[in-house]
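The following questions and answers concern a structure of two chains and are meant to be read beside it. Please keep the sequence at hand.

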Amino acid sequence: MPLDTSTYSLALLRLDGRRWNELRRLHAQISVQAAASGSSYLEMGNTKILCTVSGPSEARRGAGGGGAGSSEGNLEVDVSFAGFSGVERRKRRQDKRTTDLSHTLTSSLTPLLHLHLYPHSTITLTLSILSQDGSLLAACINSATLALIDAGVPMTDYLTAVTCASSPSTSDEEAGDPLLDVNSAEEQELPFLTLGTVGREGRVGVCVMESRVRGEGVEGMVAVGIEGCARVREIVDGVVRGYGKRFA
Amino acid sequence: MAPSQHVQVNLSPAELSYLRSSLAQSPPIRLDHTKGPKDFRSMRAEYDVLPGANGSARIALDDGLEALVGVKAEVEKSQRSPRVDEQEHRLTVAAGDMDMQDADDDDTKAKGQNAWVEMSVEIPGFRDEDALPVFLASMLTESLLASGGLKDRLYINRRFHWKLYIDILLLSPALSYPLALLSMTTHLALLTSRLPALKSEKDEDPLFDDDWDASVPLYPKSKGKTKGTQAMDRPPVIVLAMAVDQNIIFDPCKEELAVADAVLAVACTDSTSSPSGAQVIAIRTIDPPSHLTPLGVPNAMNSATGGVVPASTADAITQRELLASSDVWTPPRGGMKRALVGQIVKAVVEKGGVAEEVIQALQSIDVG
C-alpha cells in the first residue's frame with residue numbers, strides 16, 4: 001500500500017498532524033496488576049503494551065543453564081502478540097520478529113540491572129502487545145523499564161527509547177529531515193531507527209536499524225532520537241515519582 | 001479435566017482439614033470470612049479498551065487475576081452450501097404468502113456454522129495445545145454456540161459471512177481456576193461488540209457503512225422488540241460452584257477449590273421466554289484439584305505419635321476407610337449427590353439467582 005508522505009514538505013506537518021519533533025501521547029501506569037512482582041501498562045499513541053515481571057525467583061529446572069549454578073541472575077524475556085493487536089487478526093507464536101524483540105530487550109537491559117545481587121535466580125519479563133501502531137521496540141523497552149522499577153529490581157538508571165525516521169529532504173542538498181516517534185504508517189514508508197539511551201546524560205544503550213538510509217542522515221536521526229529519549233525519560237520519571245507520592 | 005499443577009496450593013493436610021470443616025459448617029465460614037456462600041470476589045471491569053478490535057473488555061479480580069478479551073470480525077467467503085436450491089425454494093414460498101420482513105427473518109435463520117466462531121485462550125506458562133487452555137476454550141465455545149443465535153447473525157449473504165475471532169488473554173498467572181472470569185470477560189466483550197452496518201443488498205459483494213456510529217451491535221439490545229423467534233439475545237455466562245458436604249459455595253478461590261468435594265461449571269443465559277430468572281445451557285463437572293492433595297496420617301497409624309504403622313497396604317486401606325468420617329484429611333473421591341446438583345442449578349437460575357445477578361451486573365457496566 002503506497003502511502004503519500006510527500007505532503008510533508010509542503011506544510012511540515014505529518015500525516016497525523018504532528019510536527020517533526022513531536023512525540024505521540026505517551027501514557028503509562030505502573031503496578032497495574034496485583035498478582036505480579038511488578039507490572040506496567042504503556043501507551044505510545046495506539047501502541048499498547050502490558051508488561052509484567054515475575055521474580056527474582058529460583059531458576060526453573062530444565063530451563064537450560066542460565067541462572068542455575070551461575071553467580072549472576074538471569075533475565076528472561078517473553079514477548080507475545082495478542083491475536084487482535086494488528087489491523088488483521090493474526091495468530092503468531094515465536095517467529096523471527098518476537099525472538100528478535102526479546103533478544104534485543106534481554107541484551108539491552110541485562111547490563112543495567114544489578115543481577116549480581118541475585119545469584120541462581122531468574123527474572124522473567126512478560127510483554128503482551130495488545131495493540132500495535134509503530135515504535136514497537138521502543139514501547140517494549142519503555143514498559144520493561146517501568147515494570148522492572150515497579151518490581152524493585154535494582155538498576156543503574158532508566159533505559160528509555162524512541163524511534164526516529166528520516167523523511168525525504170525539503171531542501172535538495174541535505175540528507176533528509178529526521179522525524180521523531182513514527183507510527184505504523186510512517187514505519188512502512190520511511191527508513192527509521194530505534195534508539196534507547198541510559199540516564200540523564202543520554203548514553204546510547206540501544207540502537208537498532210533495519211532499513212537502509214543514506215549515511216549523512218544517521219547523525220541527524222540519532223541527535224533527534226537522543227533529544228526524544230530525554231523527553232520520554234522525563235515522562236517515565238514523572239510516572240514513577242507520581243506513584244511514589246501516593247505512598248509518601 | 002485433570003487439574004494442573006499451577007492450580008495446586010501448598011497447604012498441609014491439617015490446614016486442608018480445618019478449611020474443609022469450616023466450609024462445611026452451617027452457615028459456612030469462607031476463607032474470606034466477610035463473604036457469604038453466594039458472594040463473588042470483587043472486580044473491576046471496563047470495556048472498549050482496544051482501538052483495533054470490534055469489541056473488547058478487561059476484568060481484574062481483587063486477588064490479581066486479570067483477563068482481557070478482544071473480539072475481531074473479518075469478512076470471509078462462504079463455502080458454497082449444498083442446500084442452496086432448497087433455500088431458494090423456501091424463499092419464494094415465503095415471499096409469496098408472507099410479507100417481506102418475515103421472509104428476511106427466515107433468510108437468516110439457521111444458516112450459521114459453528115466454524116464461523118473461533119476462540120483461543122492464552123494463559124501465561126501454558127502452551128497453546130496444553131490441556132487447560134484447550135479445555136477452557138472448548139467449554140466457552142460450546143456454551144456460546146449452543147444458542148445458535150450468534151452464528152446466524154454472522155451471516156451476511158449467501159457468499160459471505162463474518163468470521164468472529166475471540167482472543168482471550170489471561171494477563172496474570174492462573175492463580176485459581178479462571179473459567180468464570182474468562183467467561184464473564186468474554187460476555188462483556190461480546191455484549192459491547194459492534195459490526196459495521198451493511199450497505200449492499202442481497203448477494204452483492206458486501207459493502208459496509210464506514211461510519212462507526214452507524215454500526216450495529218453484535219447482540220442487539222432487546223428494548224421493545226420482543227419477538228418469540230429471537231430467544232437469546234445475550235451471550236452466556238459461566239458460573240463456577242463447588243460443593244463441600246451439604247454446602248454450596250459460588251466463585252471459590254484457589255484454596256477453597258483445594259477442599260472441594262465436587263466442582264460444577266454452569267453455563268446460563270437470561271431467558272427471554274420466561275419473564276424472570278435464567279436458563280441453563282450447559283453443565284460440566286470439573287475435576288477439582290482436591291484429588292491431588294496429600295492425605296493426612298492419623299495418630300493411630302503414625303508410630304511417631306504412639307500409633308502402629310499398618311503392616312500391609314491392604315491393612316492401611318482398611319484402616320483409612322474406618323477413619324473416613326474423622327477429621328483427618330482424606331482427599332475427596334469425587335461424585336456428587338443428585339439433589340446437590342439440583343440445588344446448585346436452582347440457586348443459579350432462580351429469580352434473583354446468581355446467574356441473573358451476574359448478567360445484570362455486567363449489563364449495567366455496559367449501560368453506565
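Q: In β5(B), which residue is the bridge partner of Ser120(B)?
A: This is a predicted model, in which local features need pLDDT of at least 70, side-chain atom pairs count only at pLDDT 80 or more, and totals for chains, interfaces and linings use all residues; side-chain values use heavy atoms, without hydrogens and water. Residues are numbered from 1 along each chain as its sequence is written, while chains are lettered from A and ligands numbered from 1 in the order in which they are written. Strands (E, at least two residues) and helices (H or I, at least four residues) are DSSP runs numbered from the N terminus. The bridge partner of Ser120(B) in β5(B) is Asp167(B).

Q: In which sense do β4(B) and β5(B) pair?
A: Two strands pair if DSSP finds at least two bridges between them. β4(B) and β5(B), the latter covering residues 160-170, are joined over 6 bridges, and the sense is parallel.

Q: Which strands are the edge strands of the open sheet with the order β1-β2-β3-β5-β4 in chain B?
A: This sheet has 5 strands with mixed pairing. Its neighbouring strands are turned by 15 degrees against each other on average, direction ignored. Those that pair on one side only are β1 (43-47) and β4 (117-122) of chain B.

Q: What angle does the direction of helix α4 of chain B make with that of β4(B)?
A: Helix α4 (residues 131-145) packs on the sheet and touches β4 and β5 of chain B, where contact means heavy atoms within 4.5 Å. Axes are lines fitted to C-alpha atoms, for helices over the stretch in contact, and angles run from 0 to 180 degrees between N-to-C directions. The angle with β4(B) is about 145 degrees.

Q: What is the average twist from one strand to the next in the sheet β9-β8-β10-β11 of chain B?
A: This open sheet of 4 strands has antiparallel pairing, and its edge strands are β9 (247-250) and β11 (278-286). From one strand to the next, the twist averages 30 degrees.

Q: Which residue in β10(B) is the bridge partner of Val237(B)?
A: Strands β8 (residues 237-244) and β10 (residues 262-270) of chain B run antiparallel and are joined by 7 bridges. In β10(B), the partner of Val237(B) is Cys268(B).

Q: At what angle does α4(B) run to β11(B)?
A: α4(B) lies across β8, β10 and β11 of chain B. Helix α6 (residues 179-191) of chain B also touches β8, β10 and β11, at about 160 degrees to β8(B). For α4(B) and β11(B), the angle is about 160 degrees.

Q: Which residue takes a positive phi in the hairpin of β2(A) and β3(A)?
A: Strand β2 (residues 38-44) of chain A pairs with β3(A) in the antiparallel sense over 7 bridges, and Leu42(A) stands opposite Ile49(A). The hairpin has 2 residues between the strands. The residue with a positive phi near 65 degrees is Gly45(A).

Q: Which residue in β5(A) stands opposite Lys48(A)?
A: β3(A) and β5(A) pair in the antiparallel sense over 9 bridges. Opposite Lys48(A) stands Ser131(A).

Q: How many salt bridges are there between chain A and chain B?
A: The contact takes 22 residues from chain A and 25 residues from chain B. A salt bridge is a side-chain nitrogen of Lys or Arg within 4 Å of a carboxyl oxygen of Asp or Glu. Between chain A and chain B, the count is 0.
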